[in-house]
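Here are my comments on the model you asked me to look over, set out as numbered points. They keep to what can be read from the coordinates.

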Amino acid sequence: MFFNKKKPKESNEIMNKELKERIADTALSILQEGIDFEDLAYTKVEFGYLFDIDGHGIESLFKIITDKTTAYFAVQGTSMLRLNFSEELFQSTVDGFLDLHS
């Protein structure tokens, strides 16, 4: 017997500026002044991927680069997690996710 298992509908939201700003603002509120940054003036946010998946919600991996550190974050559904990642792990995770979802 065969089951027709449909893949969930996915939408690549990497160009959704409003969504990226909301996610970045939430992550910035998690950072601690003095530990993670001194001045946010030149802070950069780089998204590895940002998808909206039916029945799951947002799936994203991104990093915030401050004057003191690079902080890595994931969004899964409605939860945001700060990750203990290296740049190599970040890049390999992004590459693996994009290979599966392109």
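The points below take up the strands, a helix residue, the salt bridges and the aromatic pairs in turn.

1. A remark on the kind of model comes before the rest. This is a predicted model, and every value in this note should be read with that in mind.

2. On strand pairing, strand E1, which covers residues 10–12, pairs with E2 in the antiparallel sense over 3 bridges, and within this pairing Glu 10 has Ile 53 of E2 as its bridge partner. E2 is also joined to strand E3 (residues 57–65) by 9 bridges, and these two strands likewise run antiparallel. As a point of register that can be checked on screen, Tyr 49 stands opposite Leu 61 in E3.

3. The turn that connects E2 and E3 deserves a look of its own. The hairpin has 3 residues between the strands, and Gly 55 takes a positive phi there, near 80°.

4. Leu 19 is a convenient residue from which to view the packing of helix H1, in which Leu 19 is found. Its relative accessible area is 9%, so Leu 19 counts as buried. Which residues does Leu 19 contact, once its neighbours within four places in sequence are left aside? They are Glu 13, Leu 50 and Ile 58. For one of these, Leu 50, the C-alpha atom lies 9.2 Å from that of Leu 19, although the two residues are 31 residues apart along the chain.

5. The structure holds 7 salt bridges, and one of them joins the side chains of Glu 21 and Lys 17, with an N to O distance of 3.0 Å. Both residues belong to helix H1 (residues 17–30), and because they are 4 residues apart in that helix, about one helical turn separates them. The two partners fall into separate accessibility classes: Glu 21 is partly exposed at 40% relative accessibility, while Lys 17 is exposed, with a relative accessible area of 58%.

6. A salt bridge between Arg 82 and Asp 36 has its closest N and O atoms 2.9 Å apart. This pair links distant parts of the chain, since Arg 82 is in strand E5 (residues 79–83) whereas Asp 36 is in the loop between H1 and strand E2 (44–53), 46 residues apart. Is the acidic partner, Asp 36, buried or exposed? With a relative accessibility of 6%, Asp 36 counts as buried, whereas Arg 82 is partly exposed, its relative accessible area being 39%.

7. Lys 44 forms a salt bridge with Glu 46, and here the closest N and O atoms are 3.2 Å apart. Lys 44 counts as partly exposed at 45% relative accessibility, and Glu 46 is partly exposed as well, with a relative accessible area of 30%. The pair should not be read in isolation, as Lys 44, Glu 46, Lys 63 and Glu 87 are linked in a network of salt bridges.

8. Turning to the aromatic residues, the structure holds 6 aromatic pairs. Phe 51 and Phe 97 form one that is edge-to-face, with 5.3 Å from centre to centre and 65° between the planes. Because Phe 51 lies in strand E2 and Phe 97 in helix H2 (residues 87–100), this pair ties together parts that are 46 residues apart in sequence. Both rings belong to buried residues, the relative accessible area being 5% for Phe 51 and 11% for Phe 97.

9. Tyr 72 and Phe 90 form a further aromatic pair, this one tilted, with a centre to centre distance of 5.4 Å and 45° between the planes. Here too distant parts of the chain are linked, Tyr 72 being in strand E4 (residues 70–77) and Phe 90 in helix H2, 18 residues apart. Tyr 72 counts as buried at 6% relative accessibility, and Phe 90 is buried with a relative accessible area of 4%.

10. A last item for inspection is the aromatic cluster made up of Phe 47, Phe 62 and Phe 73.

Key
Residues are numbered from 1 along each chain as its sequence is written. This is a predicted model: local features need pLDDT of at least 70, side-chain atom pairs count only at pLDDT 80 or more; totals for chains, interfaces and linings use all residues. Side-chain values use heavy atoms; hydrogens and water are left out. A salt bridge is a side-chain nitrogen of Lys or Arg within 4 Å of a carboxyl oxygen of Asp or Glu. Buried means under 20% relative accessible area, exposed over 50%, partly exposed in between (1.4 Å probe, protein chains only). Contact means heavy atoms within 4.5 Å. Two strands pair if DSSP finds at least two bridges between them. Rings of Phe, Tyr and Trp (its six-membered ring) pair if their centres lie within 6.5 Å; planes under 30 degrees apart count as stacked, over 60 as edge-to-face and the rest as tilted.
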